[in-house]
Amino acid sequence: MVKPITFLDLPAQQKRLGQRVQKRVEHVFQHCRFVMGPEVTELEERLASYGGARHAIGVSSGTDALLMVLMAEGIGPGMAVFLPAFTYTATAEVVLLLGAFPVFVDVDEGSFQISIASLTQRLSDVQQQGQYQPRAIIGVDLFGQPAPWEELRAFAQKHDLLLFADCAQSFGASYQGHKLGHEALATTLSFFPSKPLGAYGDGGAVLTDDDDRAALYRSLRSHGEGKQRYDVQRIGLNARLDTLQAAILLAKMEIFEEELVRRAKIADLYDAGLPTGIKVPQRVPDSQSAWAIYCITLPTSQQRDSLQSYLREHAVPTAIYYPKPLHYQPAYQAQHDGVSLPVSESLGECVLALPIHPDISDEQGEQLLEIIQQWAENNQL
Ligand SMILES: *Cc1c(COP(=O)(O)O)cnc(C)c1O
């Protein structure tokens with residue numbers, strides 16, 4: 001009997017971690033510096049060197065990381081920020097929290113990453129309308145793969161736009177031979193438990209090569225403080241990373257590389273074994289995914305729903321990222337100009353995420369493929 005496959009298996013990961021987490025956590029209980037303890041600095045050093053950035057700043061979540069990065073540039077009313085419509089709400093939410101205007105951009109059908117053609121069109125829409133000043137782009141590394149950074153950088157430079165990376169899902173991925181972490185002015189990370197590098201609670205970080213921005217982020221995460229504690233230089237946030245989460249992440253960093261290898265192996269297994277009528281995620285050239293999410297595309301929404309039910313009947317959990325693009329969400333109705341973003345709209349109908357994590361065995365993966373093959377035969381796919 002093969003053990004049932006799960007969408008996420010944190011108990012199995014705990015077993016692999018052995019005593020690493022306990023030792024780290026016990027040490028925190030000994031020194032009791034629960035806020036901004038030494039583990040935060042140690043983790044920041046690890047993250048910076050891993051991501052190839054000069055600075056890492058630990059923060060309370062991926063969302064706060066994005067918020068701070070935009071705050072630091074004075075993003076606010078009258079400004080337009082471009083971002084994909086096919087992403088998690090956090091990417092757009094922070095723009096609105098600052099009173100700026102999110103401009104939704106379509107994505108590429110194969111890779112799910114932001115489309116440069118759509119970005120070009122959307123910039124021209126905003127310029128023609130003349131109501132908002134184009135100010136920044138948030139590129140999202142979706143599902144574990146890198147956004148098209150080379151093209152995004154050229155575009156941002158040509159149009160004098162600030163460029164930021166929402167790497168919440170993809171820390172650990174490589175692009176053009178190096179780890180993600182310095183593709184943009186700042187890169188934001190999330191340590192939400194289901195992300196490839198997950199804490200046991202909320203957490204995040206900002207990576208940057210820019211000394212001034214790094215200093216600003218450190219100030220913003222701690223109420224806008226200056227060099228001294230009660231020296232209030234600016235309006236900031238309470239957005240620090242907990243020492244305990246930093247300690248847990250330090251333990252998890254030790255097995256992170258092995259986990260990425262294991263995720264990639266499962267992705268290869270799925271790529272090779274899925275029926276040809278099902279589209280596997282297109283790989284971004286010259287990159288290695290962190291495989292946060294393995295998302296297949298079915299020809300029709302009926303087939304997607306049918307496969308999802310079939311898998312559910314066979315005790316295989318799946319998920320849909322994202323059923324509704326952001327410009328269709330009730331919360332963003334006032335921000336959308338009615339332009340159709342056809343790829344983001346149709347993907348929601350046809351995508352299905354299969355379980356992918358380091359504790360899926362080859363046997364479990366093969367069993368999953370057999371179930372999908374049965375379904376495909378029953379449905380002449
Ligand atoms: C998870 C996620 C975030 C937010 O991270 P939190 O740590 O949950 O606040 C932002 N952007 C994307 C694309 C995400 O997947």
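## Exercises on a two-domain model

Domain 1 and domain 2 bury about 3700 Å² between them, with 59% of that area on carbon and sulfur atoms. Buried area here is the accessible area (1.4 Å probe) that two parts lose on being put together, summed over both. In domain 1, F86, F104 and F143 lose the most area to domain 2, together 17% of what that side buries.

This is a predicted model, where local features need pLDDT of at least 70 and side-chain atom pairs count only at pLDDT 80 or more, while totals for chains, interfaces and linings use all residues. Residues are numbered from 1 along each chain as its sequence is written, and side-chain values use heavy atoms, leaving out hydrogens and water.

**Exercise 1.** Find the bounds of the two domains and describe how they meet.

*Solution.* Start with the domain assignment, which is automatic or from a database: domain 1 spans 10–253 and domain 2 spans 256–378. Next, take the centres over C-alpha atoms; they are 24 Å apart. Then list contacts (heavy atoms within 4.5 Å): 49 residues of domain 1 touch 39 residues of domain 2.

**Exercise 2.** Work out which polar links join the domains, and what the side of domain 1 is made of.

*Solution.* First, count salt bridges (a side-chain nitrogen of Lys or Arg within 4 Å of a carboxyl oxygen of Asp or Glu); there are five between domain 1 and domain 2. R122 and D337 form a salt bridge, with their closest N and O atoms 3.1 Å apart. Now sort the side of domain 1 that touches domain 2 by class: 24 nonpolar, 16 polar and nine charged residues. In this scheme, Ala, Val, Leu, Ile, Met, Phe, Trp, Tyr, Cys and Pro are nonpolar, Asp, Glu, Lys and Arg are charged, and the others, Gly among them, are polar.

**Exercise 3.** Look for pairs that link distant parts of the chain.

*Solution.* Begin with the whole structure, which holds 20 salt bridges. E259 and R16 form a salt bridge, the closest N and O atoms being 2.8 Å apart. E259 is in helix α9 and R16 in helix α1, 243 residues apart; helices (H or I, at least four residues) and strands (E, at least two) are DSSP runs, numbered from the N terminus.

Move on to aromatic pairs, of which a search of the whole structure finds 15. F101 and Y132 are stacked, at 4.2 Å centre to centre and 10 degrees between the planes. Because F101 lies in strand β3 and Y132 in the loop between α6 and β4 (133–140), this pair ties together parts 31 residues apart in sequence. Rings of Phe, Tyr and Trp (its six-membered ring) pair if their centres lie within 6.5 Å; planes under 30 degrees apart count as stacked, over 60 as edge-to-face and the rest as tilted.

**Exercise 4.** Check the backbone at Y322 and C32.

*Solution.* At Y322, look at omega: a cis peptide bond joins Y321 and Y322, with omega about -5 degrees. Y322 sits in the loop between α10 (301–313) and α11 (342–350). At C32, phi is near 60 degrees, a positive value in a residue other than glycine.

Key:
Polar contact = N/O pair within 3.5 Å; in protein donor to acceptor, adjacent residues only side chain to side chain.
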